[in-house]
Amino acid sequence: MYSAFLIKYAEIAIKGKNRYLFEDALVSNIKYKLRNVDGEFLVRKEQGRVYVETSGEYDYEDTVEALKKVFGITGICPVILTEDEGFDKLCETVIKHIDATYKDKNFTFKVNARRARKNYPLNSMEINALVGEKVLDAFPEMKVDVHKPDVVINIEIRKQINIYSVEIPGAKGMPLGTAGKAMLLLSGGIDSPVAGYMVSKRGVTIEATYFHAPPYTSERAKQKVVDLAKKMSRYTGKINLNVVNFTDIQLYIYEKCPHEQLTIIMRRYMMKIAEHFAKESGCLGLVTGESIGQVASQTMQSLVATNEVCELPVYRPLIAFDKQDIIEVADKIDTYETSILPFEDCCTIFVAKHPVTKPNLSYIKKSELKLTEKIQELVKEAIDTVEVIKVEPEEI
């Protein structure tokens with residue numbers, strides 16, 4: 001019965017003179033997301049509103065699922081758009097809408113009218129009262145509750161009259177592509193896909209770097225990361241995934257450096273390599289899934305030691321999250337079950353029994369001097385042999 005959806009946004013509305021840029025980005029992202037959904041769609045903006053109008057048959061469920069994955073949308077409202085044919089016709093349309101939408105009429109309601117077009121003969125309060133009266137006449141079992149109604153019947157008097165009573169929650173955030181680009185260090189764990197999702201929710205486009213360590217990590221481990229990137233891409237859009245062979249660097253660090261410092265030194269070189277690709281592709285920062293105190297390499301002291309090698313800022317959207325918080329988001333974006341598949345990544349292979357939790361940066365740098373002979377050559381080889389996988393978004 002719905003030939004259109006009213007798209008609501010929040011933060012975009014408080015933007016100043018460049019608000020139109022955010023609206024245009026939102027419209028563009030909606031069009032891109034609906035490209036594989038059955039049906040023909042017209043996406044347009046009008047007077048601070050964005051509409052998705054349909055033409056002919058379309059898949060309602062798939063349309064809603066696609067829209068729920070577009071950042072910047074706070075609410076998706078299946079809406080009836082009707083011409084102004086007089087107040088009686090408006091009431092008739094509202095009653096038909098209620099009858100078709102709600103089989104059980106035993107609920108409380110209120111009418112919430114908004115008169116954006118001031119030449120309409122009735123004001124908002126009059127519309128609320130008169131439409132409410134007609135609804136009660138049509139459905140005596142319904143009751144008015146203006147404070148905590150079960151259903152709010154929204155009527156917006158605009159160029160066309162908008163009638164809707166359902167608001168489906170959207171992904172919120174800011175439209176993708178409005179806040180620059182960042183490089184995500186993507187592993188096969190739970191945290192990093194969630195970090196990528198969280199930073200993309202703020203409008204950041206992401207690329208990703210994964211460190212592979214064959215034969216210690218299998219092709220299944222690599223495929224797991226590709227699968228995670230595909231699931232993320234439903235929200236983030238296309239992802240260029242850099243797969244870096246890290247085996248020789250890890251083995252060299254393992255041979256030359258104190259084992260309790262292995263994880264910190266290894267991560268420092270990961271950050272250096274990821275930053276190389278970030279600069280090459282115009283990223284404005286690195287993104288990791290670290291959370292304070294979660295493991296030895298994520299203490300405040302460890303994060304300081306890791307940050308020290310980077311020129312670009314390092315963004316950690318999960319920095320204050322509990323593990324359960326992270327798991328809940330992973331469940332929501334459908335990455336959790338993939339993340340817990342038993343294929344280890346290179347971060348878990350060469351872990352010391354007693355890793356340092358409060359590394360001293362001067363000691364770390366002193367240990368890295370032992371790598372001087374070959375490390376630059378190994379880093380260059382890892383960069384030169386990178387495999388770039390272009391990950392396209394999964395359907396819906």
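This report walks through a predicted model of one protein chain, from its overall build down to a few individual residues.

## The chain as a whole

Let's start with the broad picture. The chain is built from 13 helices and 15 strands, and its C-alpha trace covers about 85 × 40 × 35 Å along the principal axes. Of its 396 residues, 51% count as buried.

The accessible surface adds up to about 18,800 Å², and carbon and sulfur atoms account for 51% of that. Contacts reach far along the sequence: if you take those between residues at least 6 apart, 80% join residues at least 24 apart.

## The nonpolar core

Nonpolar side chains tend to be buried together in soluble globular proteins. Here, the largest nonpolar core holds 47 residues, and Ile7, Ile30, Leu67, Val94, Ile98, Val131 and Ile155 have the most contacts inside it. Helix H3 (residues 87-101) is the top contributor to this core, giving five residues.

Val131 is a handy one to click on. Leaving aside residues up to four places away in sequence, Val131 touches Phe87, Cys91, Val94, Val111 and Ile155.

## The THUMP span and its surroundings

According to an unreviewed UniProt entry, residues 61-168 carry the feature "domain: THUMP". That span is 34% helix and 28% strand, and its end C-alpha atoms sit 12 Å apart.

Have a look at Phe139, in the loop between helix H4 (124-138) and E6. Phe139 counts as buried because its relative accessibility is 8%. Apart from residues up to four places away in sequence, Phe139 touches Ile95, Ile98, Asp99 and Lys105. For a sense of scale, the C-alpha atoms of Phe139 and Ala382 are 71 Å apart in space, with the two positions 243 residues apart in sequence numbering.

On the surface, Leu136, Val144 and Val146 make up a nonpolar patch, with about 220 Å² of accessible area together. Val146 belongs to the loop between strand E6 (143-144) and strand E7 (151-157). Its relative accessibility is 48%, so Val146 counts as partly exposed.

## Residues listed as a binding site

The unreviewed UniProt entry lists Leu185, Leu186, Tyr210, Phe211, Arg267, Gly289 and Gln298 under "binding site". Leu186 is in the loop between strand E10 (181-185) and helix H5 (191-200). With just 3% relative accessibility, Leu186 counts as buried. Its contacts, not counting residues up to four places away in sequence, are Ser192, Pro193, Ala208, Thr209, Tyr210, Val225, Ala229, Met232 and Leu241.

Phe211, also on that list, is part of strand E11 (residues 205-212). Phe211 counts as buried too, because its relative accessibility is 4%.

## Backbone details to check

There's a cis peptide bond from Pro214 to Pro215, with omega near 0 degrees. Pro215 is in the loop between E11 and helix H6 (219-236).

Two residues are worth a mention for their phi angles. Lys172 isn't a glycine, yet its phi is positive, at about 65 degrees. You'll find Lys172 in the loop between strand E9 (168-169) and E10, and at 46% relative accessibility it counts as partly exposed. Asp334, another residue other than glycine, has a positive phi near 65 degrees. Asp334 is in the loop between helix H10 (323-332) and helix H11 (336-339), and it is partly exposed, with a relative accessible area of 35%.

Technical notes
Residues are numbered from 1 along each chain as its sequence is written. This is a predicted model: local features need pLDDT of at least 70, side-chain atom pairs count only at pLDDT 80 or more; totals for chains, interfaces and linings use all residues. Side-chain values use heavy atoms; hydrogens and water are left out. Patches are made of residues with over 30% relative accessible area and no salt bridge: like charges are joined within 9 Å, nonpolar side chains (Val, Leu, Ile, Met, Phe, Trp, Tyr) within 5 Å. Accessible areas come from the Shrake-Rupley method with a 1.4 Å probe; for residues, only the protein chains shown count as cover. A salt bridge is a side-chain nitrogen of Lys or Arg within 4 Å of a carboxyl oxygen of Asp or Glu. Helices (H or I, at least four residues) and strands (E, at least two) are DSSP runs, numbered from the N terminus. Buried means under 20% relative accessible area, exposed over 50%, partly exposed in between (1.4 Å probe, protein chains only). UniProt positions are given in the numbering used here, feature names are shortened, and annotations may be inferred rather than shown by experiment. Contact means heavy atoms within 4.5 Å. A nonpolar core is a set of buried Ala, Val, Leu, Ile, Met, Phe, Trp, Tyr and Cys residues joined through side-chain atoms within 4.5 Å.
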